[in-house]
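User: I should like to understand how the terms used for this protein are justified. Please set each value against its definition.
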Amino acid sequence: RLLKMEEFFPESFRLDLKDERNAFFELCKEEQIWICKPSYSNQGRGIFLLKNPAAVNTLQAQLHSTEEYLLNKKVSHKVPQARIVQRYIHQPLLLEGKKFDVRSYLLIACTAPYVLFFAQGYVRLTCVNYDATSDDLTVHLTNQYIQKKNSLYSQLKDETVWRMEHFNSYVNEKFRKTNGLPKDWVFTVLTKRMQQIMLQCFLAAKHKLDRKLGYFDLIGCDFLIDENFKVWLLEMNANPALHTNCQVLKDIIPTIVYESL
């Protein structure tokens with residue numbers, strides 16, 4: 001079954017496309033949080049939150065002045081930096097009061113013929129408790145590069161990454177009864193949903209992949225779960241981080257690389 005975007009992807013707009021840009025600025029008249037991030041980047045670089053209409057107006061003015069500059073320089077073939085704005089998910093599921101997401105892996109092992117593999121990854125948590133009103137990016141973004149900017153990271157880094165088995169046990173213990181979840185929800189419902197979403201994204205992009213022997217790609221897929229246990233795809237990352245700066249990653253990442261090769 002083909003999924004609809006709104007079933008798994010937060011409402012998003014591309015700021016480098018005029019129609020989508022205008023639609024976003026028309027929509028953003030009220031107090032609501034959006035997350036703005038560049039494409040073709042990683043490690044949380046260039047990401048910021050738009051938390052009120054004033055911030056949105058500032059962004060609109062910046063984009064307008066950039067566009068004017070490019071037109072005046074007669075480089076009309078250039079477009080504003082490719083960025084997207086994505087509706088912020090306000091009520092994420094929390095683990096011990098902290099925001100988290102799930103990094104899983106999609107291996108496109110071959111494109112002639114197409115061969116895909118799924119691998120479980122790990123859970124990434126913030127150092128500090130979640131507060132939707134906070135201006136501190138380390139409260140909102142879970143990747144290790146951003147978390148390193150928190151003064152508590154050095155003493156808490158091994159607590160910011162969980163094995164999927166630990167996550168599964170925690171969900172069984174804390175959420176299973178109160179939320180009516182099946183046993184081992186992480187390894188049944190969540191895993192199946194992540195695979196379904198990954199396949200959907202592959203089908204959307206496969207016509208752009210090189211059809212040749214020897215082509216392969218390992219993609220890091222980031223999922224967020226809200227308090228209703230709905231699974232959201234946040235992004236898919238080419239060239240995912242393969243650092244092993246804590247014990248869980250030392251156990252998981254080498255296996256991912258070895259199995260990929």
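Analyst: Cys201 has a relative accessibility of 18% and therefore counts as buried, where buried means under 20% relative accessible area, exposed over 50% and partly exposed in between, with a 1.4 Å probe and protein chains only. The model is predicted: local features need pLDDT of at least 70, side-chain atom pairs count only at pLDDT 80 or more, and totals for chains, interfaces and linings use all residues. Residues are numbered from 1 along each chain as its sequence is written, and side-chain values use heavy atoms, with hydrogens and water left out.

User: Why is Cys36 called buried or exposed?

Analyst: Cys36 counts as buried because its relative accessibility is 0%. Across the protein, 45% of the 261 residues count as buried.

User: How do you know that the sulfur of Cys201 is too far from the closest cysteine sulfur for a bond?

Analyst: A disulfide is a covalent bond between the sulfur atoms of two cysteines. The criterion applied here is a pair of cysteine sulfur atoms within 2.5 Å. The closest cysteine sulfur to that of Cys201 lies in Cys221, at 7.3 Å, and is therefore too far for a bond. By this rule the count is 0 disulfides.

User: What makes the buried residues of helix H6 line one face?

Analyst: Helix H6 covers residues 164–174, and its buried residues are Met164, Phe167, Asn168, Tyr170 and Val171. Seen down the axis of H6, these buried residues fall within an arc of 165°, so they line one face of the helix. The arc is that of the directions from the helix axis to the C-beta atoms.

User: How do you know which strands are the edge strands of the open sheet?

Analyst: Helices (H or I, at least four residues) and strands (E, at least two) are DSSP runs numbered from the N terminus, and two strands pair if DSSP finds at least two bridges between them. The open sheet has 4 strands in the order S1-S4-S2-S3, with antiparallel pairing. Strand S1 (12–14) and strand S3 (48–50) are the edge strands, as each pairs on one side only. The twist averages 25° from one strand to the next.

User: What makes S2 and S4 a pair?

Analyst: Strand S2 (residues 34–38) and strand S4 (residues 83–87) are joined by 5 bridges in the antiparallel sense, set against the requirement of at least two. Within this pairing, Ile35 stands opposite Gln86 in S4.

Methods: Axes fitted to C-alpha atoms, helices over the stretch in contact; angles between N-to-C directions.
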